[in-house]
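Visitor: Got a minute to walk me through this one? I'd like to start with the packing and then jump around a bit.

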Amino acid sequence: MKVTFLPLTVDAARRLGARPLLDQAVRTDRAAAECWTALLAGCGTAARRDLGPQLRRLSEATSMQVGSRWWFAEGAGHRKRVAGAQENLEEAIADGDGQEFALAFVGYDHAMASAVVCANSVQARKVGEHLA
């Protein structure tokens, strides 16, 4: 399976064994590829409309993976960064700008993967503290 738009997020989910997050990231990546094709072709297809809901589902899957408490407290900065990157993506889709879309997706993937990795490292550190 070749992942083109969310390689960091998919890798983070795979390394953590976070199957629901991984599955949603792969579905979102496929939707992004379809949207990219529609943008390059200048089409106003359903692929362009379908990516926004996929992005929201990926954010929900991430929230479940990292835990709501972390996502809305310690991870609030990450959550806001993901939301901002998602806004940039949705603007690029609305504008039909392929270059803006590609750049925005790089930022989105980095923000999403950073949140997943950071939450996992914080949780692992806390588990280690409890064991000590």
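**Core, helix 5 and the N terminus**

Guide: Sure. The largest nonpolar core has 35 residues, and those with the most contacts inside it are Leu 21, Leu 51, Leu 58, Leu 89, Phe 101, Phe 105 and Tyr 108. Keep in mind that this is a predicted model.

Visitor: Which helices supply at least two residues of this core each?

Guide: Helix 1 (7-16), helix 2 (19-41), helix 3 (46-66), helix 4 (68-72), helix 5 (76-95) and helix 6 (98-131) each do. Helix 6 gives the largest share, nine residues.

Visitor: Take Leu 58. What is it in contact with, leaving aside neighbours within four places in sequence?

Guide: Leu 58 is in contact with Leu 6, Leu 21, Gln 24, Ala 25, Thr 28, Tyr 108 and Met 112.

Visitor: Switching to helix 5, what's its span from first C-alpha to last?

Guide: Helix 5 reaches 28 Å with 20 residues, close to the 28 Å expected at 1.5 Å a residue.

Visitor: And which of its residues are buried?

Guide: In helix 5, the buried ones are Ala 76, His 78, Val 82, Ala 85, Gln 86, Leu 89, Ala 92 and Ile 93.

Visitor: What follows helix 5?

Guide: Gly 96 does, and its phi is positive, near 70°.

Visitor: New topic: Lys 2. Buried or exposed?

Guide: Lys 2 sits in the segment before helix 1. Its relative accessible area is 74%, over the 50% cut-off, so Lys 2 counts as exposed.

Visitor: How far is Lys 2 from Asp 29 in space?

Guide: They are 9.6 Å apart, C-alpha to C-alpha, with their positions 27 residues apart in sequence numbering.

Conventions
Residues are numbered from 1 along each chain as its sequence is written. This is a predicted model: local features need pLDDT of at least 70, side-chain atom pairs count only at pLDDT 80 or more; totals for chains, interfaces and linings use all residues. Side-chain values use heavy atoms; hydrogens and water are left out. A nonpolar core is a set of buried Ala, Val, Leu, Ile, Met, Phe, Trp, Tyr and Cys residues joined through side-chain atoms within 4.5 Å. Buried means under 20% relative accessible area, exposed over 50%, partly exposed in between (1.4 Å probe, protein chains only). Helices (H or I, at least four residues) and strands (E, at least two) are DSSP runs, numbered from the N terminus. Contact means heavy atoms within 4.5 Å. The expected span of a helix is 1.5 Å times one less than its number of residues.
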